[in-house]
Each structure stands twice: as C-alpha cells, then as structure tokens.
Amino acid sequence: ATPTTTTKIQIKAEDQDHAEPIVTRNVLMWFRNDLRIRDNKALYAASMRSKVGGNNKFLIALYIISEEEWKEHDEAAVKIDFWMRNLTTLKASLDKLAIPLVVKTAPKKTDVAKVVEGVVSDMDVSHVFWSGELMVDERKRDRLVREALEKHSGVYVEEHEDQCIVSPEDVRTKTGNPYAVFTPFYNTWCRLVETEPHYLEITEMPDANPPEAKEIFAEHFKTNPPSSHPHPLDINEMKRRYPAGEDEAHTRLEKFIQEKGKGYHQGRDVPDQDGTSVLSPYLNAGVLSTRQCVVAARTANKNKIQSGDEGLKTWIKELGWREFYRHILVAFPRVCMSRAFQPKTERVQWSDNDAHFQLWTEGKTGFPIVDAGKRYLLLLASCMRQLKATGYMHNRLRMIVACFLVKDLLVNWQKGEKYFMNSLIDGDLASNNGGWQWSASTGTDSQPYFRVFNPLLQSKRYDPKGEYIRRWVPELKTLTEQQIHDPSQALSPKEFAKLGYPKPIVDHAEAKTKYLEEFKRALALA
Ligand code: FAD
C-alpha cells in the first residue's frame with residue numbers, strides 16, 4: 001500500500017482469516033509532518049480504535065527525530081526549529097487529552113523501523129496509525145516499517161491519506177491519466193470538491209484517554225521534546241515572526257481571510273505589502289491542513305470556489321497549486337530525483353560559474369530587486385549578517401530570483417532548488433521543485449522558455465517606489481525611485497562608486513541571448 005491510495009485499513013496477508021478487528025490493546029499514532037490534533041484523519045481514526053474493546057486501552061503518540069533524514073532532504077535548520085517548537089505545543093495539546101507523547105531518536109534512517117518496533121513492544125501496542133507521505137524515500141521507509149511491524153503477530157498498520165484534499169488517484173484526465181497542466185487539473189479538482197462533500201469534511205478531534213493514562217504513562221508526561229533546534233538566525237525574531245502552534249495558525253488564517261482575503265488578487269504581487277497569508281510554514285509542518293484553509297476561504301466566499309469574490313477565489317486557486325505539485329510528485333516521482341519534468345531540457349549545458357552562484361546567494365548581483373530578494377533569504381542563511389531574519393520569501397521574489405539564476409546566470413535550477421530548501425522555513429519538496437521547474441521552463445505547465453523576466457522591469461512593476469529594495473538593500477536607501485532600480489546607469493560613476501554597491505554582474509540583454517541560444521540548441525537536439 002502507498003499513501004496514494006485512499007484511506008483504508010491495511011491487513012497483512014496472513015491475518016486475513018483472523019477476525020477483524022483483532023483484539024485492541026494500546027494504539028499508537030506516529031506523527032510526522034502532520035503536527036496537529038484538529039482535522040487529522042489518522043489521529044482521529046487512532047482515537048476511535050483505542051475506544052474499541054472496553055477499558056484500559058490507550059492512545060499513545062510517537063514522534064521520531066531522524067537527523068539523517070533531515071540532512072538528506074536538505075531541511076533548513078530554521079525549519080527544523082519550527083517543527084520542534086510545534087512539537088512542544090502539540091505535546092501540550094495532547095497532555096490535555098491525557099495522550100502521552102513519546103519522542104525517540106533514530107540516528108540513522110535505517111533505525112526508524114527498529115524504533116517503532118521497540119515502542120510497539122514496550123508499550124503493548126496492537127495498532128499503529130500514521131498519515132501517508134508522498135515522497136519516494138518516505139514511502140520506502142514506511143514500507144519497511146510496515147514490514148517490520150507485521151512480523152509482530154497481530155500488529156495492524158493503518159495509513160491515512162491526508163496530504164492532499166483530493167487523492168492523486170481521483171484527479172484524472174478522461175483517459176485516466178494524471179494531469180500535467182494546471183488549469184484542466186484545477187477544473188477537475190474543483191468539480192470533485194464541489195460535488196463530493198466528503199472531500200472538504202473536517203475531521204473531529206481525538207477523544208481524551210481515560211484519566212488513569214496520566215499515572216500509567218507518568219514518565220512520558222514528564223519528559224518534554226526538544227523545544228528548539230540550533231540555527232544561525234535570531235532566535236527571538238523567529239519566534240516572534242512564526243509563533244508555534246495550531247491556535248496561532250488558526251488565528252492567522254482567520255485574520256487573513258477577514259482582513260486580506262478579499263484584496264488578495266491585488267495585494268499578492270506587491271512584495272512590500274503583507275498581502276499574502278504567510279501560512280506556508282504552518283501548512284508545511286502540518287500544523288494546519290490545506291482542507292482547513294480551503295474550507296475557511298470557501299465559507300467566507302459564500303460556499304463558492306471558482307466564482308464569487310475575486311480575492312478569495314484567487315487564494316483558493318493558489319492552494320490548488322499546492323495540491324497540483326503534490327499530485328505531480330506522486331504521478332511523476334522523477335521530479336524529486338534530480339530530474340527535469342521535461343527530459344529534453346536536461347540537455348541544456350549549464351554554466352559552471354560558481355562565483356555567480358555565490359554572488360546570487362549573497363545578494364550581490366548588482367540587480368537591486370534580485371538582491372533585495374536574496375538578502376531577504378540570505379538573512380536566514382548567514383549568521384554573519386546579524387540582521388533580522390525572516391526565513392521566508394514572497395512568491396513574486398521567488399520567481400524573480402529563480403528566473404535570474406537560471407536565465408541570466410545560466411546556473412542549473414537544481415542548485416537554486418537545493419539552496420532554497422536549505423534556507424526556507426517553509427521549504428517543501430513538491431512546491432519548491434514545482435516553483436523552480438516552472439521558473440526554469442523545465443517543468444509542467446512552465447512559463448515558456450523564451451519568456452525571460454527582465455529584472456529591471458520586474459523591479460519597476462512590482463516595487464515601483466523602491467520601498468522593498470530600500471528595506472533590504474540599505475546601501476541604496478538614499479536613492480530616489482527613479483534611481484533605485486538601476487543605480488549604475490542612473491548615477492555618475494563617481495556617485496555610484498560611493499554607494500559601495502556592486503555593478504550588475506551580467507548584462508541582461510547579452511545573458512538573455514546566450515540563454516536562449518543554449519535552450520534552443522538543447523531543444524533542437526531532443
Ligand atoms: P499565499 O499567497 O497566502 O498562498 C496560500 C498558500 O497557497 C501558500 O501558503 C502555499 O501553501 C500555497 N501556494 C501559494 N502559491 C503557491 C505556488 N506558486 N505553488 C505552490 N503552492 C502555493 N512554497 C512552499 O510552500 N514551499 C517552498 O519551498 C516553495 N518554494 C518555491 C520556490 C520557487 C522558486 C517558487 C517560484 C515558489 C515556491 N513556493 C514554495 C510557492 C510560493 O512561493 C509559496 O507557497 C508562498 O510564497 C508562501 O507564502 P504564503 O503562505 O503567504 O502564500
């Protein structure tokens with residue numbers, strides 16, 4: 001079974017002739033990237049199972065810290081810190097329900113199965129629940145864990161699909177294939193969501209354990225998970241920007257819907273305005289479900305998804321992109337295995353100019369809007385810059401800096417993808433890969449390869465007064481709105497030298513020609 005199948009109870013083959021359900025002892029819920037108690041299908045099902053068969057059955061929660069997995073997936077330290085902070089708030093919520101949280105460490109990813117087996121045997125567990133994951137490695141890990149558990153006679157594993165609102169298997173073209181283009185995907189997805197109400201049903205909270213659980217598992221109630229993870233940024237600033245917990249996520253969601261939802265279609269593209277929800281860190285840690293977001297926006301939009309208020313329907317569509325990229329990951333797993341979605345684009349010969357890549361990461365390209373975007377990101381990557389960090393980048397800027405790296409500097413998009421994952425608090429394999437491949441014109445539904453953003457025009461269009469640039473590139477803060485977008489051209493050489501700001505590292509027109517020639521050559525070879 002893989003997480004791509006719809007929710008169902010998995011029974012190992014040799015148990016098929018056992019009466020189902022087998023005798024329920026304790027029930028284990030293994031939390032992974034679903035750190036919430038509300039609207040969590042696997043948790044609720046685990047809770048219901050623990051009620052089967054009378055007293056003295058308890059629901060136990062498990063979280064496994066697996067540094068090797070984090071490293072392999074390029075998870076940013078700041079994002080791991082956010083997970084740990086959310087784990088602490090999750091524990092507090094579980095404590096109120098008398099559900100103990102057991103936190104274990106698996107030094108190597110191959111130890112994960114042993115760790116789960118150990119907990120199952122130490123805590124007399126008969127059923128294990130989890131939310132299925134989409135990535136190839138995690139699916140493989142889960143298969144190994146399932147196999148190991150099935151060696152324990154009578155241990156049932158129940159995997160719930162909860163990463164997507166609509167199962168990737170359900171959104172299909174007329175010929176039964178997965179969609180590779182967003183708009184038809186989204187139309188089908190909306191039709192399913194609107195006609196089949198179960199997709200948007202919010203799952204109930206788990207029931208509390210009997211109160212004696214507090215005594216029986218006293219040791220676990222006393223032990224706290226790590227409440228932080230070392231990272232190079234300003235710890236207090238990160239806590240202030242991204243407080244942990246479901247309550248915080250819901251407050252943000254409601255506030256966004258009430259105050260900004262209706263203007264989202266206009267505010268979302270202006271980097272200096274906080275016109276977007278900044279819910280991505282919460283969605284990616286599973287503190288909030290995509291379903292909860294769609295339901296909240298749809299309710300505010302008088303139960304409409306594709307019509308009604310322009311802002312709200314646009315926001316729901318963005319959540320649709322999140323779903324789309326998850327479906328792509330399941331249907332075309334090669335995209336997360338260092339492969340381009342469009343194989344013919346793999347013939348592009350990328351530049352090996354590491355110096356350019358380095359300048360890009362440092363925000364020293366000489367293109368202010370790119371540098372503002374990069375500094376925004378750089379702040380989180382570098383502890384040497386003791387500036388306030390955000391760990392987050394506005395979508396428009398992600399597109400601009402990604403396009404610049406690939407099309408102006410001809411650097412392989414995979415380098416940028418990795419750098420983003422290493423840096424972002426909301427790093428998400430599916431969306432990050434989708435965003436990079438879109439920007440690099442190598443992916444599904446990408447912008448066509450011959451569309452190359454002009455960084456100066458983007459700057460004038462999306463930051464017309466230069467406010468965003470002034471905020472993040474202080475060397476330029478005294479410049480006027482006419483000068484700020486292209487200071488090396490707008491000022492005399494002497495005035496420009498005084499700024500201490502670099503000249504553009506490439507000539508955009510020349511770089512564009514070079515990139516187009518290379519892309520055309522690669523496509524012609526295909
Ligand atoms: P809002 O505008 O409020 O949108 C609400 C939610 O919809 C977001 O939280 C997100 O979950 C989803 N969403 C919005 N836009 C997109 C999109 N284009 N693709 C997929 N989902 C979207 N998003 C990530 O969550 N993690 C990443 O690692 C990531 N990397 C990206 C890399 C590149 C090069 C690009 C171009 C985009 C990337 N995105 C990524 C998508 C998008 O930039 C962020 O989701 C968005 O900026 C998050 O801000 P928000 O929560 O305020 O979004």
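What percentage of the 526 residues of the protein chain count as buried? It's 44%. Keep in mind that this is a predicted model. The chain has 24 helices and six strands, and its radius of gyration is 25 Å, close to the 24 Å that the globule rule gives for 526 residues, so the chain is as compact as a globular protein of that length.

**Overall build**

- Along the principal axes, the C-alpha atoms of the protein chain fit a box of roughly 80 × 50 × 50 Å.
- Take the contacts between residues at least 6 apart in sequence: 77% of them join residues at least 24 apart.
- For a feel of the distances, the C-alpha atoms of E248 and T513 are separated by 48 Å, and these two residues are 265 apart along the chain.
- E248 belongs to helix α10 (residues 246-259) and is partly exposed, with 16 other C-beta atoms within 10 Å.

**The nonpolar core**

- The largest nonpolar core has 125 residues, and the members that touch the most others are L28, M29, L62 and V128.
- Helix α17 (residues 395-408) supplies the largest share of this core, nine residues.
- L62 makes a good starting point if you want to look around: leaving out residues up to four places away in sequence, L62 touches L28, M29, W30, F31, V102, K104 and V119.

**The strands**

- Strands β2 and β3 run parallel, joined by five bridges, and in this pairing V27 sits opposite L59 of β3.
- On to the next pair: β3 and β4 also run parallel, with five bridges joining them, and Y63 faces V103 of β4.
- β3 has seven residues and six of them are buried, so this strand is largely enclosed by the rest of the structure.
- β5 (residues 125-131) pairs with β6 in the parallel sense, again over five bridges, with Y156 of β6 as the bridge partner of H127.
- Five of the five residues of β6 (residues 156-160) are buried, so β6 is largely enclosed too.
- Which residues sit on each side of β6? Y156, E158 and H160 are on one side, V157 and E159 are on the other, and all of them are buried.

**Helix α1**

- Eight of the 10 residues of helix α1 (residues 41-50) are buried, so the helix is largely enclosed by the rest of the structure.
- The buried ones are A42, L43, Y44, A45, A46, S47, R49 and S50.
- What covers the buried residues of α1? The cover includes strands β2 (26-31), β3 (59-65), β5 and β6.

**Around the ligand**

- The ligand is surrounded by 28 residues, and the closest are T276, S277, N395, N432 and G435.
- Helices α12 (280-284), α14 (310-331), α17 and α19 (429-439) are the elements that each give two or more residues to this shell.
- Helix α19 gives the most, with six residues.
- Helix α17 turns up twice in this briefing: it gives residues to the shell around the ligand, and it also provides nine residues of the largest nonpolar core.
- By type, the shell splits into 11 nonpolar, 11 polar and six charged residues.

**Two backbone oddities**

- Most residues other than glycine have a negative phi.
- D39 goes against that trend, with a positive phi near 50 degrees.
- Where is D39 found? D39 lies in the loop between β2 and α1.
- D39 counts as buried because there are 21 C-beta neighbours inside 10 Å, and the cut-off for that label is 20 or more.
- A98 isn't a glycine either, yet its phi is positive at about 60 degrees.
- You'll find A98 in the loop between α3 (77-96) and β4 (101-105).
- A98 also counts as buried, with 20 C-beta neighbours inside 10 Å.

Definitions and conventions. Residues are numbered from 1 along each chain as its sequence is written. This is a predicted model: local features need pLDDT of at least 70, side-chain atom pairs count only at pLDDT 80 or more; totals for chains, interfaces and linings use all residues. A nonpolar core is a set of buried Ala, Val, Leu, Ile, Met, Phe, Trp, Tyr and Cys residues joined through C-beta atoms within 7 Å. A residue is buried if 20 or more other C-beta atoms lie within 10 Å of its own, exposed if 12 or fewer, and partly exposed in between; C-beta atoms are placed from the backbone. Helices (H or I, at least four residues) and strands (E, at least two) are DSSP runs, numbered from the N terminus. Two residues are in contact if their C-beta atoms, placed from the backbone, lie within 7 Å. The radius of gyration is taken over C-alpha atoms; the globule rule is 2.2 Å times the number of residues to the power 0.38. A residue is near a molecule or strand if its C-beta atom, placed from the backbone, lies within 6 Å of it. Ala, Val, Leu, Ile, Met, Phe, Trp, Tyr, Cys and Pro count as nonpolar, Asp, Glu, Lys and Arg as charged, and the others, Gly among them, as polar. Two strands pair if DSSP finds at least two bridges between them.
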